[in-house]
Amino acid sequence: MALENKLISADVVEVQEFPNLARLYNVSGVPKTVINDVVQFVGSLPEDQFLEKVMQVGYREPEPAEDGA
Amino acid sequence: MALISEQDKADLKRRFRKELKKDVTINFFTTTPSPLTLPGRDCPTCPQTQELLEDLTSLSTKLRLERYDFFSQTKERDDYGVERIPAIVLEADGSSRLKYYGIPAGYEFATLLEGIITLSRSVSPLALETRKKLRKVNQPVHIQVFVTPS
């Protein structure tokens, strides 16, 4: 997904080496995916559901243009 | 200690020859152990990770390894956005948004290989619909996937 849009970046983190991260993100089952520190889920998701989560965080309706007064 | 068996090396060489198209740079952030390593600055898995990456990049002329010291090369560290070590940042065509933190052992090794090959081929494993929707993303999205080596 990171390849499709410059705004998306992806990290794979091996938590046994970073126990502070495991604690911070409360990782007990793996794989655990966290998006922008606000959306998280354990286990794998089908592509369309993963996409939905990414869009939840990554897409905001553009502000409607101001009408000229 | 050979981290990649001779058989695996032969298999990987073949796979790389078949599948790699564009050159991929493996940017490795590490630190050099010294007798006076300060607490908090040690990285026990860094030497093994380096050896693994040296082995891996020797298997194809399209793979290049660049090594950076996390503590002294802070410009590169900040440019790539590296937060901890060992860190591997895959780069192809000027794009470098795939990072792997920790020694790529076990399952993570397979995902590292997938990352290298996907970047090199620029062919996405995602469905067309998914790719079209992702183009609409207009906020920064940082995906972190936490794994274990088993």
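**Loops, shared sheet and chain contacts in a predicted two-chain model**

In the predicted model, A:Pro31 is placed in the loop that connects α1 (19-24) with β2 of chain A, and the peptide bond leading from A:Val30 into A:Pro31 is cis, with omega near 0°. The loop between α1 and β2 of chain A also holds A:Asn26, a residue other than glycine whose phi nevertheless takes a positive value, near 55°. A:Asn26 has 11 other C-beta atoms within 10 Å and, because a residue with 12 or fewer is classed as exposed, falls into that class. A positive phi, of about 50°, is likewise found at A:Asn36, which is not a glycine either; A:Asn36 belongs to the loop between β2 and β3 of chain A. With 16 other C-beta atoms within 10 Å, A:Asn36 is partly exposed. In chain B, a cis peptide bond with omega near 0° runs from B:Ile85 to B:Pro86, and B:Pro86 is situated in the loop between α3 (74-80) and β3 of chain B.

Chain A contains two helices and three strands, which follow one another along the sequence in the pattern β-α-β-β-α. The C-alpha trace of chain A spans about 60 × 25 × 20 Å along its principal axes, and its radius of gyration is 16 Å, whereas a compact globule of 69 residues would have a value near 11 Å. Of the 69 residues of chain A, 29% count as buried. Among the contacts within chain A that link residues at least 6 apart in sequence, 10% join residues at least 24 apart.

Strands from both chains enter an open sheet of eight strands with mixed pairing, in the order β3(A)-β2(A)-β5(B)-β1(A)-β4(B)-β3(B)-β1(B)-β2(B). The edges are occupied by β3 (39-42) of chain A and β2 (63-69) of chain B; each has a single partner strand, so one side of each is left without a neighbour in the sheet. Neighbouring strands of the sheet are turned against each other by 20° on average, with direction ignored. Within chain A, β2 (residues 32-35) and β3(A) run antiparallel and are joined by four bridges, with A:Val34 standing opposite A:Gln40 of β3(A). Across the two chains, β1(A) and β4(B) run parallel and are likewise joined by four bridges; in this pairing, A:Val12 has B:Tyr100 of β4(B) as its bridge partner.

Helices of chain B are associated with this sheet. Helix α2 (residues 46-57) of chain B packs on the sheet through β1 (24-30) and β2 of chain B, its direction making about 165° with that of β1(B). Helix α4 (residues 107-121) of chain B lies across strands of both chains, namely β1 (8-14) of chain A together with β1, β3 (87-92), β4 (95-101) and β5 (141-147) of chain B, and runs at about 20° to β3(B).

Between the chains, 34 residues of chain A are in contact with 34 residues of chain B. On the side of chain A that touches chain B, the elements giving two or more residues are β1, β2 and α2 (47-58) of chain A, and β1(A) gives the most, with seven residues. By residue class, this side of chain A divides into 21 nonpolar, six polar and seven charged residues.

Terms used
Residues numbered from 1 in each chain as written. Chains lettered and ligands numbered in written order. Predicted model: local features only at pLDDT ≥ 70, side-chain atom pairs only at ≥ 80, totals over all residues. Pairing = 2+ DSSP bridges. Axes fitted to C-alpha atoms, helices over the stretch in contact; angles between N-to-C directions. Contact = placed C-beta atoms within 7 Å. Nonpolar A, V, L, I, M, F, W, Y, C, P; charged D, E, K, R; others polar. Rg over C-alpha atoms; globule rule 2.2 N^0.38 Å. Buried ≥ 20, exposed ≤ 12 C-beta atoms within 10 Å, placed from the backbone.
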